[in-house]
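Q: I'm new to this structure and would like a close look at a single part of it. Could you walk me through the cavities inside?

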Amino acid sequence: MKDLIFVANRILPIILMVIVGYFLKKIKLLEEDMAKKLNTLVFRVFLPIMLFLNVYKIQDLGKIDLVFVWYAIGITVLLFLIGIPTMGIIFKDNRQRSVMLQGIFRANYALIGLPLAKALFNEEGEMMASLLSAFVVPTFNILAVICLNIFSAGDKKPSIGGVFKGIIKNPLILGILLGFVALGIRALFVHLDIEFRLTNIEPLYQTLENLKSIATPLSLLELGTRFELSAIPKLKKHIIIAVINRVLIVPFIGISLALVLNRFSGAQFASLIACFCTPVAVSSVPMSQEMGADADLMGQIVVWTTLFSTFSIFIASYVLRVLGIF
């Protein structure tokens, strides 16, 4: 019971924020047009700032275990490659294919995974998850751009140039790249024994922190506006498949193979739970909207995988506790 309460305390605040967004829509305080504009604002401003700061706050990239990083990236790419033909066969609408494929590999790592890793393995878990975020979050977003181009709407054929353009223009990837640039400048200053840091520009840094803090609640409120009970009968097949993929199949593959390898620490397993057991990323909704995919279906998938991911997180955490890893 203690473990269940522990996991519920991490997930329930997220679910409650979605419910508040749904309620605000029902009482017409957050209508559809406003929600879509907020969606765009979150995708182009608040989330990139959050990812920029997450990368900038990494203390030492030299401590990263490359086998661990390649494992997380490798499993993510494997899921992506398996999902392309599978979703292509099951679904006929390209706008839905790209959404269902994202529902397999794209974790809510930044908003749920990082605090979850800290809750599971304290400061060491947070540090390991932050290091891994510098590699897996760009992977999620690059693969998302690729799948949205592969399954582009209409008769437009995907091209390498189009995919590359989509990647370099993606605000989330740009936020991470700018974080690495700032990280490199900080490392240069350390090497030159210069004490100046971004944090020394206190008004600017605090403003960035304030904007970062808006990303999660605003994303979840907007997500609540997309939740429609009337859409469930029409999208029942899609929702069931997405939940099975993200809540059962992906966690089983990601965690069980890591156990077979038998080389990862408790902090690393906390990061893997953040990567493979968390629901579909909230940021996939604004990206899908921006790139012409079925954003309403994406919103439903995010909501339902968020609701059911409590079970996958609890089971994975409980098994690892029993095995003495946590």
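A: Here is a friendly tour of the cavities, starting with the largest.

Please keep in mind that this is a predicted model. The structure holds three cavities of 30 Å³ or more. The largest cavity encloses about 130 Å³ of space. It is lined by 16 residues, and those closest to its centre are Ala107, Ala110, Val137, Ala281 and Ser283. Where does the lining come from? Two elements give two or more residues each: helix H2, which covers 32–56, and helix H5, which covers 109–150. H5 provides the largest share, with six residues. By class, the lining of this largest cavity has twelve nonpolar residues, three polar ones and one charged one.

Next comes the second largest cavity, with a volume of about 50 Å³. Its lining is made up of Leu51, Asn54, Val55, Tyr109, Ala110, Leu114, Ser133, Val137 and Ile176. You may recognise two of these names: Ala110 and Val137 line the second largest cavity, and both also belong to the residues closest to the centre of the largest one. The helices are familiar too, since H2 and H5 each supply at least two residues to the lining of the second largest cavity. H5 again gives the most, this time five residues. Sorted by class, this lining has seven nonpolar and two polar residues, with no charged residues, whereas the lining of the largest cavity includes one charged residue.

Terms used
Residues are numbered from 1 along each chain as its sequence is written. This is a predicted model: local features need pLDDT of at least 70, side-chain atom pairs count only at pLDDT 80 or more; totals for chains, interfaces and linings use all residues. Side-chain values use heavy atoms; hydrogens and water are left out. On a 1 Å grid over the protein atoms alone, a cavity is a set of points where a 1.4 Å probe fits but cannot get out, and a pocket is an open set with protein on both sides within 12 Å along at least five of seven lines; lining residues have an atom within 4 Å of a point. Grid points are joined across faces, edges and corners, and a volume is the space filled by probe spheres set on the points. Helices (H or I, at least four residues) and strands (E, at least two) are DSSP runs, numbered from the N terminus. Ala, Val, Leu, Ile, Met, Phe, Trp, Tyr, Cys and Pro count as nonpolar, Asp, Glu, Lys and Arg as charged, and the others, Gly among them, as polar.
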